[in-house]
Amino acid sequence: MDIINEISRNLQDVQQKIVAAAEGSGRKGDDVTLIAVGKAHEAARSHAALRAGQRAFGENRVQEAAGKWPPLRAEFNDVEVHLIGPLQTNKVRQAMTLFDVIQTVDRPKLAAALAQEAEKLGRCPACFIQVNTGAEPQKAGIMPQDADKFIADCIDIVGLPVEGLMCIPPADEEPSLHFAMLREIAKRHGLTKLSMGMSADYEIAVAFGATHVRVGTAIFGQRPPLR
Ligand SMILES: *Cc1c(COP(=O)(O)O)cnc(C)c1O
């Protein structure tokens, strides 16, 4: 099967499951944005998804996005690219020109660097704060016990346009506990957007209130090994 047919069929399949999961929990399918995660795949796969009508994408590396997205944006309108991987402060400037949404704000130093650069640019991408709901030492994200203060500081003191929260549950745990935790934290701060759920668990995430699901493998297939 050619790549456009394959990816467009996968997109339809995932979209249908999102609608079913949303309706099953009393929500509308439209309330959930499908973010297609094309990381580590060739640009041709994202190109095929764009031709199939997909417009929201996720990338986890600044460098990879810098090579892939400027040409694709030149060809397609209304594209929205989300940074879903860790951001180093020395790449903040570059990230701010490449991404519409930065989902991985997770520490005061990064928040300050984003605010400083936003000041210079006169604009700022929408921000999500990543919470390390499983408190895993090797994983990015603000620790759950520090999340309330950090979120409040980002909004009230640093002045970032914080729209929601993002999490990546531990691989070996029931994801729903983490999705519920993220939803509770967001509620305390009046944040309405929740980025949670990947290929293996996006339907569960939608049932727990996800407004953004980040799906790679189920759309683009197995990733080639990282170079
Ligand atoms: C790779 C990645 C995804 C997509 O993972 P799949 O299991 O392939 O759907 C989602 N979110 C983040 C943060 C990722 O790094």
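Biologist: What makes the pair of side chains from Ser176 and Glu174 a polar contact?

Modeller: In this predicted model, the side chain of Ser176 lies 3.1 Å from the side chain of Glu174 in a polar contact. The cut-off for such a pair of N or O atoms is 3.5 Å, so 3.1 Å qualifies.

Biologist: Where is Ser176 found, and which residues does Ser176 touch beyond those up to four places away in sequence?

Modeller: Ser176 is found in helix H7, residues 175–188. Leaving out residues up to four places away in sequence, Ser176 touches Ile204 and Phe208.

Biologist: Why is Ser176 called buried?

Modeller: Buried means under 20% relative accessible area. Ser176 has 12%, so the label applies.

Biologist: How do you know that the structure holds 0 disulfides, given Cys124 and Cys127?

Modeller: A disulfide needs two cysteine sulfur atoms within 2.5 Å. The closest cysteine sulfur to that of Cys124 is in Cys127, 4.4 Å away, which is too far for a bond. Cys127 is likewise in no disulfide, as its nearest cysteine sulfur is that of Cys124. The count for the structure is 0.

Biologist: Which of the labels buried, partly exposed and exposed do Cys124 and Cys127 get, and why?

Modeller: Cys124 has a relative accessible area of 26%, which falls between the cut-offs of 20% and 50%, so Cys124 is partly exposed. Cys127 has 1% relative accessibility, under 20%, and therefore counts as buried.

Biologist: How do you know that the span of helix H1 agrees with its 22 residues?

Modeller: At 1.5 Å a residue, helix H1 (residues 3–24) should span 32 Å. The C-alpha atoms at its ends are 31 Å apart, which agrees.

Biologist: What puts the buried residues of H1 on the same side of the helix?

Modeller: The buried residues are Ile7, Ser8, Asn10, Leu11, Val14, Ile18, Ala21 and Ala22. They cover an arc of only 160 degrees around the axis, which puts them on the same side of H1. An α-helix has 3.6 residues a turn, so residues three or four places apart point the same way. On the other side of H1, Gln12, Gln16, Glu23 and Gly24 are exposed.

Biologist: What covers the buried residues of H1?

Modeller: The cover includes strands E1 (33–37) and E8 (212–215), together with helices H2 (43–51), H8 (202–207) and H9 (217–220).

Biologist: What caps the N-terminal end of H1, and which residue with positive phi follows H1?

Modeller: Asp2 is the cap, with a side-chain oxygen 3.1 Å from the backbone nitrogen of Ile4. Gly26 follows H1, and its phi is positive, near 75 degrees.

Conventions:
Residues numbered from 1 in each chain as written. Predicted model: local features only at pLDDT ≥ 70, side-chain atom pairs only at ≥ 80, totals over all residues. Heavy atoms only, no water. Helix = DSSP H or I, 4+ residues; strand = E, 2+ residues; numbered from the N terminus. Expected span 1.5 Å × (residues − 1). Buried < 20%, exposed > 50% of the residue type's maximum accessible area, 1.4 Å probe, protein only. Arc of directions from axis to C-beta. Contact = heavy atoms within 4.5 Å. Polar contact = N/O pair within 3.5 Å; in protein donor to acceptor, adjacent residues only side chain to side chain.
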